Amino acid sequence: MSTISDRMADTRATTARRVLLIAGILLVAANLRGALTSVGPLLEMIRRSEGLSAGQAGLLSALPLLTFAVFSPQVTRLARLVGMERLTWYALLTLALGIVLRSVPVTGMLWAGTVLLGMSISVGNVLIPALLKRDFPDRVAPMTSLYSATMSVVGAIVSGLAVPLAGVLPGGWRTALGCVAGLALIAFAIWTPHALGRQARPVEPPSSATRTPWRSALAWQVTAYMGLQSFGFYIVLSWFPAIMNDNGTSEANSGWLMMLLQVLGVTMSASIPLVANKMRDQRLLATGGSLLSAAGYLGMLLAPGLAVLWVVVVGLASGICFVLALLFFTLRAEDSFGAAALSGMAQSIGYLFATTGPVLFGSLHDWTSSWSLPLTVLMTAALVQASIGLGAGRNLTVNQFV
(Lines give C-alpha, C1' and ligand atoms only; values in the text may rest on other atoms or scores of the structure.)
Protein backbone atom coordinates (compact mmCIF):
# COMPACT_ATOMS: atom_id res chain seq x y z
CA MET A 1 0.00 0.00 0.00
CA SER A 2 2.79 2.36 0.90
CA THR A 3 4.48 1.54 -2.41
CA ILE A 4 1.37 2.63 -4.34
CA SER A 5 1.16 5.79 -2.24
CA ASP A 6 4.84 6.51 -2.86
CA ARG A 7 4.37 6.05 -6.59
CA MET A 8 1.36 8.36 -6.60
CA ALA A 9 3.33 10.96 -4.64
CA ASP A 10 6.23 10.66 -7.10
CA THR A 11 3.83 11.03 -10.03
CA ARG A 12 2.27 14.15 -8.52
CA ALA A 13 5.71 15.63 -7.83
CA THR A 14 6.87 14.89 -11.38
CA THR A 15 3.70 16.44 -12.81
CA ALA A 16 4.11 19.53 -10.64
CA ARG A 17 7.74 19.95 -11.78
CA ARG A 18 6.71 19.56 -15.41
CA VAL A 19 3.92 22.12 -15.09
CA LEU A 20 6.31 24.53 -13.37
CA LEU A 21 8.85 23.99 -16.15
CA ILE A 22 6.25 24.72 -18.84
CA ALA A 23 5.20 27.86 -16.98
CA GLY A 24 8.83 28.93 -16.72
CA ILE A 25 9.50 28.38 -20.42
CA LEU A 26 6.38 30.31 -21.42
CA LEU A 27 7.32 33.18 -19.12
CA VAL A 28 10.77 33.31 -20.68
CA ALA A 29 9.07 33.37 -24.09
CA ALA A 30 6.86 36.22 -22.89
CA ASN A 31 9.99 38.28 -22.23
CA LEU A 32 11.65 37.78 -25.61
CA ARG A 33 9.76 40.49 -27.51
CA GLY A 34 8.07 42.92 -25.12
CA ALA A 35 11.22 44.88 -24.30
CA LEU A 36 11.77 45.33 -28.05
CA THR A 37 8.26 45.94 -29.37
CA SER A 38 7.57 48.62 -26.74
CA VAL A 39 10.20 50.91 -28.30
CA GLY A 40 8.74 51.39 -31.78
CA PRO A 41 5.49 53.14 -30.79
CA LEU A 42 7.42 55.40 -28.38
CA LEU A 43 10.33 56.17 -30.69
CA GLU A 44 9.18 59.69 -31.60
CA MET A 45 8.74 60.55 -27.91
CA ILE A 46 12.21 59.16 -27.18
CA ARG A 47 13.68 61.16 -30.07
CA ARG A 48 12.20 64.42 -28.84
CA SER A 49 13.16 63.76 -25.23
CA GLU A 50 16.73 62.65 -25.94
CA GLY A 51 17.38 64.89 -28.94
CA LEU A 52 18.18 61.94 -31.21
CA SER A 53 18.59 62.26 -34.96
CA ALA A 54 16.70 59.93 -37.27
CA GLY A 55 19.90 57.92 -37.74
CA GLN A 56 20.43 57.59 -33.99
CA ALA A 57 16.81 56.51 -33.54
CA GLY A 58 17.30 53.88 -36.23
CA LEU A 59 20.45 52.67 -34.48
CA LEU A 60 18.55 52.43 -31.19
CA SER A 61 15.96 50.19 -32.87
CA ALA A 62 18.64 48.05 -34.52
CA LEU A 63 20.94 47.79 -31.49
CA PRO A 64 19.21 44.73 -29.93
CA LEU A 65 19.48 42.85 -33.24
CA LEU A 66 23.17 43.72 -33.48
CA THR A 67 23.61 42.53 -29.90
CA PHE A 68 21.90 39.24 -30.77
CA ALA A 69 24.29 38.78 -33.67
CA VAL A 70 27.39 39.37 -31.53
CA PHE A 71 26.35 37.55 -28.35
CA SER A 72 24.34 34.54 -29.59
CA PRO A 73 27.38 32.39 -30.48
CA GLN A 74 28.68 32.81 -26.91
CA VAL A 75 25.52 31.47 -25.28
CA THR A 76 26.23 27.80 -25.92
CA ARG A 77 29.71 28.10 -24.40
CA LEU A 78 28.34 29.86 -21.31
CA ALA A 79 25.58 27.27 -20.95
CA ARG A 80 28.18 24.51 -20.88
CA LEU A 81 29.99 26.32 -18.06
CA VAL A 82 27.04 27.09 -15.76
CA GLY A 83 24.12 25.01 -17.08
CA MET A 84 21.19 26.03 -19.24
CA GLU A 85 18.77 26.62 -16.38
CA ARG A 86 21.12 28.76 -14.37
CA LEU A 87 22.19 30.83 -17.37
CA THR A 88 18.52 31.46 -18.20
CA TRP A 89 17.94 32.53 -14.59
CA TYR A 90 20.85 34.96 -14.68
CA ALA A 91 19.64 36.32 -18.01
CA LEU A 92 16.16 37.08 -16.67
CA LEU A 93 17.59 39.10 -13.79
CA THR A 94 19.95 40.88 -16.18
CA LEU A 95 17.02 41.58 -18.49
CA ALA A 96 15.11 43.31 -15.69
CA LEU A 97 18.23 45.33 -14.88
CA GLY A 98 18.72 46.33 -18.50
CA ILE A 99 15.09 47.45 -18.86
CA VAL A 100 15.35 49.57 -15.72
CA LEU A 101 18.69 51.11 -16.78
CA ARG A 102 17.22 51.97 -20.18
CA SER A 103 14.50 53.96 -18.43
CA VAL A 104 16.78 55.89 -16.06
CA PRO A 105 17.22 59.60 -16.97
CA VAL A 106 21.02 59.39 -16.96
CA THR A 107 23.16 60.09 -20.03
CA GLY A 108 24.20 56.91 -21.80
CA MET A 109 21.88 54.59 -19.85
CA LEU A 110 19.41 54.39 -22.74
CA TRP A 111 22.13 52.78 -24.84
CA ALA A 112 23.78 50.70 -22.10
CA GLY A 113 20.45 49.31 -20.94
CA THR A 114 19.49 48.41 -24.52
CA VAL A 115 22.73 46.45 -25.01
CA LEU A 116 22.24 44.66 -21.69
CA LEU A 117 18.67 43.62 -22.44
CA GLY A 118 19.72 42.53 -25.94
CA MET A 119 22.35 40.21 -24.45
CA SER A 120 19.79 38.80 -22.02
CA ILE A 121 17.16 38.16 -24.69
CA SER A 122 19.72 36.41 -26.88
CA VAL A 123 20.17 33.82 -24.09
CA GLY A 124 16.46 32.98 -24.19
CA ASN A 125 16.42 32.98 -28.00
CA VAL A 126 19.21 30.40 -28.10
CA LEU A 127 18.37 28.21 -25.10
CA ILE A 128 14.60 27.79 -25.33
CA PRO A 129 14.86 25.50 -28.40
CA ALA A 130 17.57 23.51 -26.58
CA LEU A 131 15.42 23.14 -23.47
CA LEU A 132 12.46 21.98 -25.56
CA LYS A 133 14.65 19.44 -27.34
CA ARG A 134 15.95 18.09 -24.03
CA ASP A 135 12.86 18.16 -21.79
CA PHE A 136 10.05 17.64 -24.33
CA PRO A 137 11.62 15.47 -27.05
CA ASP A 138 8.25 13.92 -27.90
CA ARG A 139 6.33 17.23 -27.66
CA VAL A 140 8.62 19.62 -29.53
CA ALA A 141 5.96 20.74 -32.02
CA PRO A 142 3.16 21.64 -29.56
CA MET A 143 5.64 23.25 -27.18
CA THR A 144 7.06 25.31 -30.04
CA SER A 145 3.48 26.39 -30.83
CA LEU A 146 2.97 27.57 -27.25
CA TYR A 147 6.37 29.22 -27.07
CA SER A 148 6.13 31.14 -30.35
CA ALA A 149 2.50 32.15 -29.83
CA THR A 150 3.23 33.41 -26.30
CA MET A 151 6.17 35.44 -27.58
CA SER A 152 4.11 36.99 -30.38
CA VAL A 153 0.99 37.71 -28.31
CA VAL A 154 2.85 39.37 -25.46
CA GLY A 155 4.94 41.37 -27.91
CA ALA A 156 1.81 42.67 -29.63
CA ILE A 157 0.08 43.51 -26.32
CA VAL A 158 3.10 45.39 -24.97
CA SER A 159 3.38 47.29 -28.26
CA GLY A 160 -0.27 48.28 -28.10
CA LEU A 161 -0.12 49.43 -24.47
CA ALA A 162 3.13 51.43 -24.76
CA VAL A 163 1.65 54.75 -25.90
CA PRO A 164 -1.44 54.71 -23.62
CA LEU A 165 0.76 53.93 -20.61
CA ALA A 166 3.21 56.70 -21.54
CA GLY A 167 0.28 59.09 -21.60
CA VAL A 168 -1.04 58.30 -18.12
CA LEU A 169 1.98 57.20 -16.05
CA PRO A 170 4.30 59.65 -14.30
CA GLY A 171 7.61 59.64 -16.12
CA GLY A 172 6.00 59.18 -19.53
CA TRP A 173 7.86 56.95 -21.97
CA ARG A 174 10.51 56.03 -19.40
CA THR A 175 7.97 54.49 -17.04
CA ALA A 176 6.14 52.83 -19.93
CA LEU A 177 9.37 51.11 -21.00
CA GLY A 178 10.33 50.30 -17.41
CA CYS A 179 7.07 48.49 -16.68
CA VAL A 180 8.23 45.53 -18.76
CA ALA A 181 10.84 44.77 -16.07
CA GLY A 182 8.05 43.42 -13.87
CA LEU A 183 7.39 40.58 -16.31
CA ALA A 184 11.09 39.67 -16.28
CA LEU A 185 11.13 39.57 -12.48
CA ILE A 186 8.08 37.29 -12.41
CA ALA A 187 9.83 34.91 -14.80
CA PHE A 188 13.00 35.12 -12.68
CA ALA A 189 11.04 34.06 -9.60
CA ILE A 190 9.30 31.15 -11.36
CA TRP A 191 12.63 30.00 -12.82
CA THR A 192 14.43 29.93 -9.44
CA PRO A 193 13.60 26.27 -8.56
CA HIS A 194 14.94 25.14 -11.95
CA ALA A 195 18.12 27.20 -11.62
CA LEU A 196 18.89 25.87 -8.14
CA GLY A 197 17.77 22.29 -8.74
CA ARG A 198 19.91 19.26 -9.38
CA GLN A 199 19.25 19.19 -13.14
CA ALA A 200 20.66 22.69 -13.49
CA ARG A 201 24.21 21.43 -13.11
CA PRO A 202 26.41 21.76 -16.23
CA VAL A 203 26.44 18.67 -18.42
CA GLU A 204 29.24 17.77 -20.81
CA PRO A 205 28.21 17.24 -24.43
CA PRO A 206 28.23 13.63 -25.64
CA SER A 207 31.52 12.33 -26.98
CA SER A 208 29.86 11.74 -30.36
CA ALA A 209 29.40 15.48 -30.79
CA THR A 210 32.52 16.22 -32.76
CA ARG A 211 31.68 18.73 -35.45
CA THR A 212 30.67 22.37 -35.32
CA PRO A 213 27.44 23.33 -37.09
CA TRP A 214 29.42 26.08 -38.83
CA ARG A 215 30.87 23.36 -41.08
CA SER A 216 27.51 21.86 -42.00
CA ALA A 217 25.69 22.71 -45.25
CA LEU A 218 22.35 21.94 -43.58
CA ALA A 219 23.14 24.30 -40.70
CA TRP A 220 23.92 27.06 -43.21
CA GLN A 221 20.61 26.41 -44.96
CA VAL A 222 18.76 26.73 -41.65
CA THR A 223 20.75 29.90 -40.94
CA ALA A 224 19.94 31.38 -44.36
CA TYR A 225 16.26 30.61 -43.91
CA MET A 226 16.28 32.29 -40.50
CA GLY A 227 18.11 35.34 -41.87
CA LEU A 228 15.90 35.79 -44.92
CA GLN A 229 12.63 35.48 -43.02
CA SER A 230 13.89 37.98 -40.41
CA PHE A 231 15.06 40.29 -43.21
CA GLY A 232 11.57 40.35 -44.69
CA PHE A 233 9.74 40.52 -41.36
CA TYR A 234 11.58 43.59 -40.08
CA ILE A 235 11.17 45.36 -43.42
CA VAL A 236 7.43 44.73 -43.30
CA LEU A 237 7.15 46.02 -39.73
CA SER A 238 9.21 49.11 -40.53
CA TRP A 239 7.96 50.11 -43.98
CA PHE A 240 4.56 48.59 -44.84
CA PRO A 241 2.70 51.39 -42.98
CA ALA A 242 4.57 54.00 -45.03
CA ILE A 243 3.77 52.19 -48.29
CA MET A 244 0.10 52.03 -47.36
CA ASN A 245 0.06 55.69 -46.33
CA ASP A 246 1.58 56.73 -49.67
CA ASN A 247 -1.17 54.81 -51.42
CA GLY A 248 -4.06 56.47 -49.60
CA THR A 249 -4.49 54.44 -46.40
CA SER A 250 -4.77 56.60 -43.29
CA GLU A 251 -2.23 56.27 -40.48
CA ALA A 252 -4.91 54.91 -38.15
CA ASN A 253 -6.01 52.27 -40.65
CA SER A 254 -2.40 51.36 -41.38
CA GLY A 255 -1.91 50.75 -37.67
CA TRP A 256 -4.93 48.47 -37.52
CA LEU A 257 -3.77 46.57 -40.59
CA MET A 258 -0.36 46.00 -39.04
CA MET A 259 -2.07 44.67 -35.94
CA LEU A 260 -4.08 42.33 -38.18
CA LEU A 261 -0.84 41.17 -39.81
CA GLN A 262 0.64 40.28 -36.42
CA VAL A 263 -2.54 38.54 -35.22
CA LEU A 264 -2.52 36.35 -38.33
CA GLY A 265 1.14 35.59 -37.65
CA VAL A 266 0.27 34.46 -34.14
CA THR A 267 -2.43 32.17 -35.53
CA MET A 268 0.06 30.50 -37.84
CA SER A 269 2.67 30.29 -35.08
CA ALA A 270 0.22 28.32 -32.96
CA SER A 271 -0.93 25.91 -35.65
CA ILE A 272 1.93 25.29 -38.09
CA PRO A 273 4.19 23.24 -35.73
CA LEU A 274 1.32 20.80 -35.17
CA VAL A 275 0.94 20.40 -38.93
CA ALA A 276 4.69 20.22 -39.53
CA ASN A 277 5.05 17.49 -36.92
CA LYS A 278 2.76 15.19 -38.93
CA MET A 279 4.55 15.68 -42.23
CA ARG A 280 7.44 13.60 -43.53
CA ASP A 281 9.50 16.77 -43.87
CA GLN A 282 8.91 20.54 -43.93
CA ARG A 283 9.99 21.37 -47.49
CA LEU A 284 6.45 22.08 -48.70
CA LEU A 285 5.71 24.41 -45.77
CA ALA A 286 9.07 26.20 -45.92
CA THR A 287 8.88 26.80 -49.65
CA GLY A 288 5.13 27.44 -49.74
CA GLY A 289 5.27 30.01 -46.95
CA SER A 290 8.11 31.83 -48.70
CA LEU A 291 6.26 31.87 -52.04
CA LEU A 292 3.18 33.20 -50.25
CA SER A 293 5.32 36.05 -48.91
CA ALA A 294 6.56 36.80 -52.42
CA ALA A 295 2.96 36.86 -53.68
CA GLY A 296 2.02 39.39 -50.99
CA TYR A 297 4.95 41.64 -51.88
CA LEU A 298 4.10 41.39 -55.59
CA GLY A 299 0.50 42.31 -54.81
CA MET A 300 1.60 45.36 -52.82
CA LEU A 301 3.72 46.39 -55.81
CA LEU A 302 1.10 45.88 -58.53
CA ALA A 303 -2.17 46.59 -56.71
CA PRO A 304 -1.45 48.62 -53.53
CA GLY A 305 -5.12 49.62 -53.32
CA LEU A 306 -5.86 46.06 -52.18
CA ALA A 307 -3.65 46.53 -49.11
CA VAL A 308 -6.00 44.58 -46.83
CA LEU A 309 -5.65 41.48 -49.00
CA TRP A 310 -1.86 41.72 -49.14
CA VAL A 311 -1.61 42.28 -45.39
CA VAL A 312 -3.60 39.08 -44.87
CA VAL A 313 -1.36 37.17 -47.29
CA VAL A 314 1.88 38.49 -45.77
CA GLY A 315 0.59 37.99 -42.22
CA LEU A 316 -0.18 34.33 -42.85
CA ALA A 317 3.13 33.82 -44.66
CA SER A 318 5.25 35.55 -42.03
CA GLY A 319 3.72 33.41 -39.29
CA ILE A 320 4.49 30.22 -41.24
CA CYS A 321 8.09 31.19 -41.97
CA PHE A 322 8.84 32.54 -38.49
CA VAL A 323 7.69 29.50 -36.59
CA LEU A 324 9.40 27.13 -39.05
CA ALA A 325 12.68 28.98 -38.52
CA LEU A 326 12.30 28.34 -34.76
CA LEU A 327 11.21 24.74 -35.27
CA PHE A 328 14.24 23.97 -37.45
CA PHE A 329 16.53 24.58 -34.46
CA THR A 330 15.11 21.51 -32.76
CA LEU A 331 14.12 19.34 -35.73
CA ARG A 332 17.50 19.68 -37.46
CA ALA A 333 19.51 18.99 -34.26
CA GLU A 334 20.36 15.60 -32.77
CA ASP A 335 20.12 16.68 -29.13
CA SER A 336 19.83 19.72 -26.87
CA PHE A 337 23.52 20.61 -27.31
CA GLY A 338 23.08 20.60 -31.07
CA ALA A 339 19.87 22.67 -30.81
CA ALA A 340 21.68 25.33 -28.75
CA ALA A 341 24.65 25.42 -31.13
CA LEU A 342 22.46 25.58 -34.24
CA SER A 343 20.21 28.21 -32.66
CA GLY A 344 23.22 30.34 -31.71
CA MET A 345 24.69 30.13 -35.19
CA ALA A 346 21.44 30.81 -37.05
CA GLN A 347 20.39 33.72 -34.84
CA SER A 348 23.83 35.31 -34.92
CA ILE A 349 24.10 35.42 -38.71
CA GLY A 350 20.35 35.76 -39.24
CA TYR A 351 19.86 38.82 -37.07
CA LEU A 352 23.04 40.45 -38.39
CA PHE A 353 21.64 40.11 -41.90
CA ALA A 354 18.16 41.24 -40.78
CA THR A 355 19.49 44.57 -39.49
CA THR A 356 20.38 45.53 -43.06
CA GLY A 357 16.82 45.06 -44.30
CA PRO A 358 15.00 48.21 -43.14
CA VAL A 359 18.05 50.37 -43.90
CA LEU A 360 18.47 48.97 -47.41
CA PHE A 361 14.75 49.19 -48.14
CA GLY A 362 14.56 52.82 -47.01
CA SER A 363 17.72 53.77 -48.87
CA LEU A 364 16.41 52.29 -52.11
CA HIS A 365 13.20 54.27 -51.67
CA ASP A 366 15.14 57.49 -51.07
CA TRP A 367 17.29 56.80 -54.14
CA THR A 368 14.41 56.03 -56.52
CA SER A 369 11.57 58.02 -54.88
CA SER A 370 9.45 54.93 -55.47
CA TRP A 371 8.52 51.72 -53.72
CA SER A 372 8.94 49.61 -56.87
CA LEU A 373 12.64 48.73 -56.58
CA PRO A 374 12.53 48.13 -52.79
CA LEU A 375 9.53 45.80 -53.16
CA THR A 376 11.22 44.00 -56.06
CA VAL A 377 14.29 43.39 -53.88
CA LEU A 378 12.05 42.16 -51.05
CA MET A 379 10.21 39.82 -53.41
CA THR A 380 13.53 38.48 -54.75
CA ALA A 381 14.70 37.75 -51.20
CA ALA A 382 11.47 35.79 -50.59
CA LEU A 383 12.07 33.73 -53.75
CA VAL A 384 15.63 32.94 -52.61
CA GLN A 385 14.16 31.97 -49.23
CA ALA A 386 11.80 29.57 -51.01
CA SER A 387 14.73 27.81 -52.68
CA ILE A 388 16.61 27.65 -49.37
CA GLY A 389 13.52 26.09 -47.78
CA LEU A 390 13.93 23.05 -50.03
CA GLY A 391 17.20 22.33 -48.23
CA ALA A 392 16.38 23.47 -44.70
CA GLY A 393 13.10 21.56 -44.74
CA ARG A 394 14.65 18.15 -45.38
CA ASN A 395 14.19 15.48 -42.73
CA LEU A 396 17.87 15.44 -41.70
CA THR A 397 19.87 16.47 -38.64
CA VAL A 398 23.13 18.35 -38.30
CA ASN A 399 26.04 16.23 -37.09
CA GLN A 400 27.07 18.86 -34.59
CA PHE A 401 29.66 20.38 -32.72
CA VAL A 402 33.06 20.48 -31.07
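In this predicted model, Trp-89 has a relative accessibility of 15% and therefore counts as buried, since the cut-off for that class is under 20%. The residue belongs to helix H5, which spans residues 84-103, and its ring is paired with that of Phe-188 in helix H9, residues 181-196, so that the two partners, 99 residues apart, link distant parts of the chain. Phe-188 is likewise assigned to the buried class, because its relative accessibility is 18%. With ring centres 5.1 Å apart and planes at 5 degrees, Trp-89 and Phe-188 make a stacked pair, the limit for that description being an angle under 30 degrees. Tyr-90 joins Trp-89 and Phe-188 in one aromatic cluster, and the model holds 11 aromatic pairs when counted by the ring-centre rule.

A second stacked pair is found further along the chain, where the rings of Phe-361 and Trp-371 have centres 5.9 Å apart and planes at 25 degrees. Here the partners are 10 residues apart in sequence, and because Phe-361 lies in helix H15 (residues 356-368) while Trp-371 lies in the loop between H15 and helix H16 (372-392), the pair ties a helix to the loop that follows. Phe-361 is buried, with a relative accessibility of 2%, and Trp-371 is buried as well, at 10%.

The loop between H15 and H16 also holds Ser-369, which, in contrast to Trp-371, counts as exposed because its relative accessibility is 63%, above the 50% cut-off. Its backbone deserves a closer look. Most residues other than glycine have a negative phi, whereas Ser-369, which is not a glycine, has a positive phi of about 55 degrees.

The packing of two helices completes the picture. The axes of helix H10, residues 217-246, and helix H13, residues 307-331, come within 10 Å and cross at roughly 155 degrees; since angles over 145 degrees are classed in this way, H10 is roughly antiparallel to H13. The crossing of H10 and H13 is left-handed. On the H10 side, the contact is made by Val-222, Tyr-225, Met-226, Gln-229, Phe-233, Val-236, Phe-240 and Met-244, while H13 contributes residues including Ala-307, Val-311, Ser-318, Cys-321, Phe-322, Phe-328 and Phe-329. Sorted by character, the residues of this contact between H10 and H13 comprise 16 nonpolar and two polar ones, with no charged residue among them.

Methods:
Residues numbered from 1 in each chain as written. Predicted model: local features only at pLDDT ≥ 70, side-chain atom pairs only at ≥ 80, totals over all residues. Heavy atoms only, no water. Axes fitted to C-alpha atoms, helices over the stretch in contact; angles between N-to-C directions. Helix = DSSP H or I, 4+ residues; strand = E, 2+ residues; numbered from the N terminus. Parallel < 35°, antiparallel > 145°, perpendicular 65-115°, else oblique. Left-handed = near helix turned anticlockwise from the far one by under 90°. Contact = heavy atoms within 4.5 Å. Nonpolar A, V, L, I, M, F, W, Y, C, P; charged D, E, K, R; others polar. Phe/Tyr/Trp six-rings, centres within 6.5 Å; stacked < 30°, edge-to-face > 60°. Buried < 20%, exposed > 50% of the residue type's maximum accessible area, 1.4 Å probe, protein only.
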